[in-house]
Amino acid sequence: MSQFFQIHPDNPQARLINQAVQIVRDGGIVALPTDSCYALVCHLDDKDAVARLRRIRNVDDKHHLTLLCRDLSEISLYAKVDNQQYRLLKAATPGAYTFILEATKEVPRRLSHPSRKTIGLRVPENRIVHALLEELAQPLLGTTLILPGEDEPLTDPEEVRDRLNKVVDLVIDGGACSFEPTTVIDLTSGEPVLQRQGRGDVALFGL
């Protein structure tokens, strides 16, 4: 049975945030709201939790998982960022964007794309996520909550609870989310390349 926390979207309760972070540290999978749609997250360094996350989504190691970071300085620990990339990131974060960047050695090899050595990173604009990241003091590893065989992400916390009650360890109800996932921008080639149009406006990148 999953635990179910109702956390205020603007003023997250510290007690519940602390409990949620402990679940992550103990190897749990958490379904939570973001500034796009609901996501599944786990501890970056927990190999078993990462494997569970991939099984729930039914994706292999070629599917980019995403590091949810607190800010740009944290991104630079896990990705190689030049001046031009930094300017683009600064203009678009926090926000509903995922960026594909070259991974640094801080990223466990099992998390980066096996042939390209790249990683997806984002800075969400969501107070619940930021409270979790601040308490955890490191990124969360996440993926959009789209179940196998489906095209649309889950966005309603009650539906997430009903469908994943025996699959995840915690569902956070922070209100309904957008139906649109993040916009995915590949910055590895020097110029921005649109990989997926989502909620984030691509005009920032001249696309």
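Me: Which residue in β9 does phenylalanine 99 stand opposite?

Reply: In this predicted model, the residue opposite phenylalanine 99 is isoleucine 185 of β9. The general idea is that two strands count as paired if at least two bridges are found between them. Here β5 and β9 are joined by four bridges and pair in the parallel sense.

Me: To which strand is β5 joined in the antiparallel sense, and over how many bridges?

Reply: That strand is β6, residues 118-122, and four bridges join it to β5. Within β6, isoleucine 119 is the residue that leucine 101 stands opposite.

Me: Is β5 mostly covered or mostly open?

Reply: A residue is called buried when its relative accessible area is under 20%. Five of the six residues of β5 are buried, and the strand is therefore mostly covered.

Me: In what sense do β9 and β10 pair?

Reply: Strand β9 (residues 183-186) pairs with strand β10 (residues 193-196) in the antiparallel sense, over three bridges. One position to inspect is valine 184, whose bridge partner in β10 is arginine 196. Six residues lie between the strands of this hairpin, and glycine 190 takes a positive phi near 100°.

Me: How should one read the burial pattern of a helix, and which residues of α2 are buried?

Reply: An α-helix has 3.6 residues a turn, so residues three or four places apart point the same way. In α2, residues 47-57, the buried residues are Ala49, Val50, Leu53, Arg54, Ile56 and Arg57. Seen down the axis of α2, they fall within an arc of 160°, and so they line one face of the helix.

Me: Which residues of α2 are exposed on the other side, and what do the buried ones pack against?

Reply: Lys47, Asp48 and Arg55 are exposed on the other side of α2. The buried residues of α2 pack against β3 (39-43) and β7.

Me: Which residues are buried in α4?

Reply: In α4, residues 83-92, these are Gln85, Leu88, Leu89 and Ala92. They cover an arc of only 100° around the axis, which puts them on the same side of α4. The face turned away from that buried side carries Asn83, Arg87, Lys90 and Ala91, which are exposed. Among the elements covering the buried residues of α4 are α3 (72-78) and β5.

Me: Why does arginine 163 count as partly exposed?

Reply: The class partly exposed lies between the cut-offs of 20% and 50%. Arginine 163 has a relative accessibility of 38%, and therefore counts as partly exposed. Arginine 163 is found in helix α6, residues 157-164. With neighbours within four places in sequence left aside, arginine 163 is in contact with Leu147, Glu150 and Leu154. From C-alpha to C-alpha, arginine 163 and glycine 120 are 27 Å apart in space, and they are 43 residues apart in sequence.

Me: How many residues line the largest pocket, and which lie nearest its centre?

Reply: A pocket may be described by its volume, its lining and the elements that supply that lining. The largest pocket has a volume of about 350 Å³. Its lining has 21 residues, and those nearest the centre are His64, Thr66, Thr98, Thr144 and Arg196. By class, seven residues of the lining are nonpolar, 11 polar and three charged.

Me: Which strands each supply at least two residues of this lining?

Reply: They are β4 (66-68), β5 (97-102), β7 (140-144) and β10. The largest share, three residues, comes from β7.

How values were computed
Residues are numbered from 1 along each chain as its sequence is written. This is a predicted model: local features need pLDDT of at least 70, side-chain atom pairs count only at pLDDT 80 or more; totals for chains, interfaces and linings use all residues. Side-chain values use heavy atoms; hydrogens and water are left out. On a 1 Å grid over the protein atoms alone, a cavity is a set of points where a 1.4 Å probe fits but cannot get out, and a pocket is an open set with protein on both sides within 12 Å along at least five of seven lines; lining residues have an atom within 4 Å of a point. Grid points are joined across faces, edges and corners, and a volume is the space filled by probe spheres set on the points. Ala, Val, Leu, Ile, Met, Phe, Trp, Tyr, Cys and Pro count as nonpolar, Asp, Glu, Lys and Arg as charged, and the others, Gly among them, as polar. Buried means under 20% relative accessible area, exposed over 50%, partly exposed in between (1.4 Å probe, protein chains only). The arc is that of the directions from the helix axis to the C-beta atoms. Contact means heavy atoms within 4.5 Å.
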